[in-house]
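Subject: Structure handover

Hello,

Below is the structure I said I would pass on. My notes on it follow.

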Amino acid sequence: SGTTTSANYTVGTVAPTVSSKISMDDTALKAGDTATVTVVFSEAVSGLTVGDFDVANGTLSGLTTSNSITWTATYTPTADVTDTSNVISLPEGTVIDADGNAVTTTSNNTSANFTVDTAAPTATIVFADSALKAGETSLVTFTFSEKLTNGSFTNADLTIENGTLSTVSTTSSGAASDDKVFTATFTPTADLEDLSNVITLANTGITDLATNAGVGTTSSAEYEIDTLRPSATITIADKALKVGETTTVTISFDEAVTGFANADLTVQNGTLSTVATTDGGRTYTGTL
């Protein structure tokens, strides 16, 4: 008669969940940065490892907990990456509670989007005219791999061989005037002949919008400068001529020239045969 009751038994069929969205204390990571990642569960769980997470463009390390409910780890972004769309997520079934129930998936299992910019800015330097002579200038274009912080790139970052450069500028508009492309005008040094010149940029002086500094140096291709104008000497073999005599006149230039002809000469009290050269345009002779 009456009733009979079993001994007490427990029911634990509530699966653990991530109770608040996976959080990061830094969501805009640059080179050298790390972020603390926090995961809070609805109840104590076990078996969680860094390998359980899906991690974009980085790694997790140092996973710890003091109560098996709140867990923290350190996120380190991958080097030389620029990506504005990244998340960290925890797939279902990766951890269990004391009753053996595996964690289920909710919107909290994924972090908010975070950005990674660990790529140092790089540059190219291009001359519009790489063979400059007297009176010429050339436009020089500096193109960076990404936008720079306002004012981080100036002429002070440049080493310029055998010439001067106007102030580098950009056509960018906007409050910060950040840009990727800068131009300036190069003017070669006068009275100079040098076939091997470069402009060198110290990349360590520039920073991108994430404040990553450049690394090393960047040099332009070699450009030639010949602003040395040719000069000449005229020698007469016989400087005292009488009736019936002729003499050889030698015009010697300090470098080979083209376009030289009798029309370039004024000859007093005589005539000069057509000038000719046998050494490629450096020495010409004629008969007076």
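A polar contact here is a pair of N or O atoms within 3.5 Å, one able to donate a hydrogen and the other to accept it. Please keep in mind that this is a predicted model.

With that cut-off, start at Asn108, which sits in the loop between strand E10 (96–97) and strand E11 (114–117). Its side chain reaches the backbone oxygen of Ser19 at 3.3 Å. A polar atom of the Asn108 side chain also lies 3.1 Å from the backbone oxygen of Val18. Leaving aside neighbours within four places in sequence, the residues in contact with Asn108 are Val18, Ser19, Ser20, Lys21 and Ile22.

Overall form

The protein has 25 strands and 0 helices. Its radius of gyration is 39 Å, whereas the globule rule gives 19 Å for 288 residues, so the protein is more spread out than a compact globule. Along the principal axes, the C-alpha atoms fill a box of roughly 165 × 35 × 25 Å. Of the 288 residues, 31% are buried. The accessible surface comes to about 15900 Å², and carbon and sulfur atoms account for 51% of that. Taking contacts between residues at least 6 apart in sequence, 64% join residues at least 24 apart.

Nonpolar cores

In soluble globular proteins, nonpolar side chains tend to be buried together. In this model the largest nonpolar core has 22 residues, and Met24, Phe41, Phe53, Tyr75 and Ile88 have the most contacts inside it. At least two residues of this core come from each of strand E1 (18–24), strand E3 (35–41), strand E7 (70–77) and E11. E3 gives the largest share, 4 residues. As for Phe53, if residues up to four places away in sequence are not counted, it touches Ile22, Val39, Leu48, Leu60, Ile88, Ser89 and Leu90. Another core, of 21 residues, lies apart from the largest one; Phe142, Leu165, Ile206 and Tyr223 are among its members.

Aromatic pairs

The count of aromatic pairs comes to 11. One of them is Phe144 with Phe182, an edge-to-face pair at 5.8 Å centre to centre, with 90 degrees between the planes. This pair links distant parts of the chain: Phe144 is in strand E14 (residues 138–144) and Phe182 in strand E17 (residues 181–188), 38 residues apart. Are these two rings buried or exposed? Phe144 has a relative accessible area of 2%, so it counts as buried. Phe182, at 9%, is buried as well.

Strand E17 also holds Phe186, which forms a pair with Tyr223 in strand E21 (residues 223–226), 37 residues away in the chain. The Phe186 and Tyr223 rings are edge-to-face too, at 5.0 Å centre to centre and 65 degrees between the planes. Phe186 is at 0% relative accessibility and therefore counts as buried. Tyr223 is likewise buried, at 0% relative accessibility; this residue is also among the members of the 21-residue core.

Finally, ring pairs join Phe142, Phe144, Phe153 and Phe182 into a cluster. Phe142 in that cluster is another member of the core of 21 residues.

Regards

Conventions. Residues numbered from 1 in each chain as written. Predicted model: local features only at pLDDT ≥ 70, side-chain atom pairs only at ≥ 80, totals over all residues. Heavy atoms only, no water. Phe/Tyr/Trp six-rings, centres within 6.5 Å; stacked < 30°, edge-to-face > 60°. Buried < 20%, exposed > 50% of the residue type's maximum accessible area, 1.4 Å probe, protein only. Contact = heavy atoms within 4.5 Å. Rg over C-alpha atoms; globule rule 2.2 N^0.38 Å. Areas by Shrake-Rupley, 256 points an atom, 1.4 Å probe, with all protein chains shown as cover. Core = buried A, V, L, I, M, F, W, Y, C linked by side-chain atoms within 4.5 Å.
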